[in-house]
Amino acid sequence: MKTKTALPAERRDFLRKLGVGSLAAWSLPSLAFETQLQTIAPYPGAAADEKYWQQIKKQFAVPENLIMLNAANLCPAPAAVNDEVRKMMLGLEKDVSFDFRSQFPDKRKKAIEALAGYMNVSGAEIGITRNTSESNNIVVNGLDLKPEDEILLWDQNHPSNSTTWEQRAKRYGFTVKKVGVPAAPQSVEDLIKPFRDAITSKTKVIAFSHISNTSGIALPAKQLCALAAEKNVLSHLDGAQSLGAVDLDLKDIGCDFYTSSAHKWFMGPLENGVLYVKKESMANLWPNIISAGWKESSQTVDEKYCMLGQRNEATMAGMLETVQFHQTIGKKNVADRVSQLNSYLKEQIKSKIPQITFVTPIAPELSGGVTVISLPAKKPADVAKVLYQTYGIAAAPTGGIRMSPHIYNTMSDLDKVVNALKEAAV
Ligand SMILES: Cc1ncc(COP(=O)(O)O)c(C=O)c1O
């Protein structure tokens with residue numbers, strides 16, 4: 001049942017921006033404001049309403065002849081985000097005075113508060129970096145570690161949460177241990193056990209991707225963080241593949257550190273990242289990049305770890321609009337839709353192209369928004385090229401063909417993808 005609810009003034013303003021008075025070069029949907037309220041306001045069950053998602057798709061500039069299946073790498077941003085960024089970029093081109101720029105600290109503060117609300121933590125625990133890599137490096141290089149300490153990593157971690165630790169270990173002499181999980185996990189316990197077995201009294205940190213960018217496996221973050229806390233071990237969760245794709249609640253997950261990028265699933269402005277440090281864990285983390293604005297007395301994550309020198313404040317200004325976009329649709333609706341898209345894609349491939357096998361588990365509780373398939377005979381790089389050049393489908397040739405559909409994709413897009421795979425991949 002669709003219900004029309006009274007929205008706070010901020011969100012009404014945001015919805016108005018979705019439809020009218022846009023600075024966007026491309027055309028936005030010409031829906032009346034009332035119609036937009038009905039179609040875009042969150043309501044339970046939106047994930048199953050195809051018409052709703054067709055309206056959402058119109059908020060993105062991706063042309064009709066292209067299908068972006070590359071959210072694991074980079075996402076387009078909705079028009080309201082781009083409008084804000086473009087307005088601020090142009091503003092800066094015209095006027096770089098301190099007076100004009102005095103609006104940015106307030107925008108940054110509001111974005112941080114909004115991000116904190118979205119992730120269910122406090123504003124003091126959130127900072128805006130440039131990307132996940134930078135956030136990961138802040139954590140890796142900020143902890144005090146001794147030669148006898150051990151760090152436990154998932155062997156599917158991204159280099160920014162793996163090579164980083166190895167480089168530091170070379171310099172300071174601690175031990176890095178890597179944990180593998182079964183290639184075809186059958187249960188959540190299959191994913192927990194290898195970590196449980198590998199933790200020792202020397203383990204100081206366990207660091208892992210929430211969802212793997214290579215296999216699409218989703219680790220049970222809450223259980224692993226609880227396991228770490230039980231053993232007095234810090235937990236570092238790389239959320240590059242989860243922010244904006246899952247119904248995220250960091251308080252519930254209980255990690256000490258969480259990192260992500262705005263330009264992936266979060267559909268935010270380019271070159272913005274997120275760093276969360278649990279209040280109690282700030283005492284364990286030294287700042288390792290310091291520039292103007294940093295003070296010894298800094299108490300918030302943004303002030304203590306994210307004073308990185310001159311930033312592109314124009315793109316950062318789009319962070320607030322991004323959170324509002326997610327809140328307008330509803331965080332759970334977005335997560336349900338991502339799950340529904342992936343389940344549909346997997347089912348269709350399974351039934352229509354049985355020669356293809358899955359690297360990613362089929363079960364939604366063991367996977368996220370990333371679906372990776374293995375090809376029986378052809379090279380992924382060749383197939384990815386044909387998918388893009390012949391069919392306008394942007395997928396990634398990483399360990400097979402990696403597809404990561406998001407809310408700007410429709411079921412009919414996925415039907416086209418399955419037909420293209422049938423012709424080009426086997
Ligand atoms: C799990 C994971 N961590 C970190 C990154 C790095 O993200 P960025 O390049 O935005 O820093 C990626 C990129 O794909 C990733 O998948």
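**Figure 1. Polar side chains around the ligand in the predicted model.** In this predicted model, a polar side-chain atom of Asp-238 lies 2.6 Å from a nitrogen atom of the ligand. Two further side chains approach ligand oxygen atoms: an N or O atom of Ser-133 is 2.7 Å from an oxygen atom of the ligand, and an N or O atom in the side chain of His-263 is 2.8 Å from an oxygen atom of the ligand. The ligand is surrounded by 14 residues, of which Ser-133, Asp-238, Gln-241, Ser-261 and His-263 come nearest.

**Figure 2. Thr-132 and its contacts with residues that line the ligand.** Thr-132 belongs to helix H7, which spans residues 132-142. With a relative accessible area of 5%, Thr-132 is buried. Its side chain makes a polar contact of 2.4 Å with the side chain of Ser-261, one of the residues that come nearest to the ligand. Beyond residues up to four places away in sequence, Thr-132 touches Asp-238, Ala-240, Thr-259, Ser-260 and Ser-261. Asp-238 thus appears in two views: Asp-238 is touched by Thr-132, and a polar side-chain atom of Asp-238 lies 2.6 Å from a ligand nitrogen atom.

**Figure 3. The seven-stranded sheet and the helix H6 packed on it.** Seven strands form an open sheet with mixed pairing, in the order E2-E8-E7-E6-E5-E3-E4. Strand E2 (126-129) and strand E4 (175-179) stand at the edges; each has a single partner strand, so one side of each is left without a neighbour in the sheet. On average, and with direction ignored, neighbouring strands of this sheet are turned by 20° against each other. Helix H6 (residues 104-119) packs on the sheet, where H6 touches E2, strand E7 (257-261) and strand E8 (273-277). The direction of H6 makes about 120° with that of E2.

**Figure 4. Pairing of strands E5 and E6 within the seven-stranded sheet.** Strand E5 (residues 203-209) runs parallel to strand E6 (residues 234-238), and five bridges connect the two. Within this pair, Phe-208 stands opposite Leu-237 in E6.

**Figure 5. The largest nonpolar core and the surroundings of Phe-195.** The largest nonpolar core holds 45 residues, and Met-119 and Phe-195 touch the most other members. Helix H6 gives the most to this core, with seven residues. Apart from neighbours within four places in sequence, Phe-195 is in contact with Leu-152, Trp-154, Val-179, Val-181, Ile-206, Leu-219, Leu-224 and Leu-227. For the protein as a whole, 55% of the 426 residues count as buried.

**Figure 6. Glu-84 in helix H4.** Which helix holds Glu-84? Glu-84 lies in helix H4, formed by residues 79-94. Its relative accessibility is 7%, and Glu-84 therefore counts as buried. When neighbours within four places in sequence are left aside, the contacts of Glu-84 are Lys-107, Ala-317, Gly-318 and Glu-321.

**Figure 7. The three-stranded antiparallel sheet E9-E10-E12.** Strands E9, E10 and E12 form an open sheet in that order, with antiparallel pairing. E9 and E12 stand at the edges, each with a single partner strand, so one side of each is left without a neighbour in the sheet. Strand E9 (residues 357-358) and E10 pair over two bridges, with Thr-357 opposite Ser-374 in E10. E10 and strand E12 (residues 401-403) pair over three bridges. Here Val-372 stands opposite Arg-402, and the bridge partner of Thr-371 is Met-403 in E12.

**Figure 8. Pro-376 in the loop that follows strand E10.** Pro-376 is found in the loop between strand E10 (371-374) and helix H16 (380-391). Is Pro-376 buried or partly exposed? At 49% relative accessibility, Pro-376 counts as partly exposed, because this class covers values between 20% and 50%. Not counting residues up to four places away in sequence, Pro-376 touches Gln-355, Ile-356, Ala-425 and Val-426. The C-alpha atoms of Pro-376 and Gly-400 are 9.9 Å apart, although 24 residues separate the two in sequence.

**Figure 9. Overall context of the close-up views.** The protein contains 17 helices and twelve strands. Among contacts between residues at least 6 apart in sequence, 71% join residues at least 24 apart.

How values were computed
Residues are numbered from 1 along each chain as its sequence is written. This is a predicted model: local features need pLDDT of at least 70, side-chain atom pairs count only at pLDDT 80 or more; totals for chains, interfaces and linings use all residues. Side-chain values use heavy atoms; hydrogens and water are left out. Two strands pair if DSSP finds at least two bridges between them. Helices (H or I, at least four residues) and strands (E, at least two) are DSSP runs, numbered from the N terminus. Axes are lines fitted to C-alpha atoms, for helices over the stretch in contact, and angles run from 0 to 180 degrees between N-to-C directions. Contact means heavy atoms within 4.5 Å. A nonpolar core is a set of buried Ala, Val, Leu, Ile, Met, Phe, Trp, Tyr and Cys residues joined through side-chain atoms within 4.5 Å. Buried means under 20% relative accessible area, exposed over 50%, partly exposed in between (1.4 Å probe, protein chains only). A residue is near a molecule or strand if one of its heavy atoms lies within 4 Å of it. A polar contact is a pair of N or O atoms within 3.5 Å; within protein, one must be able to donate a hydrogen and the other to accept it, and residues adjacent in sequence count only if both atoms are side-chain atoms.
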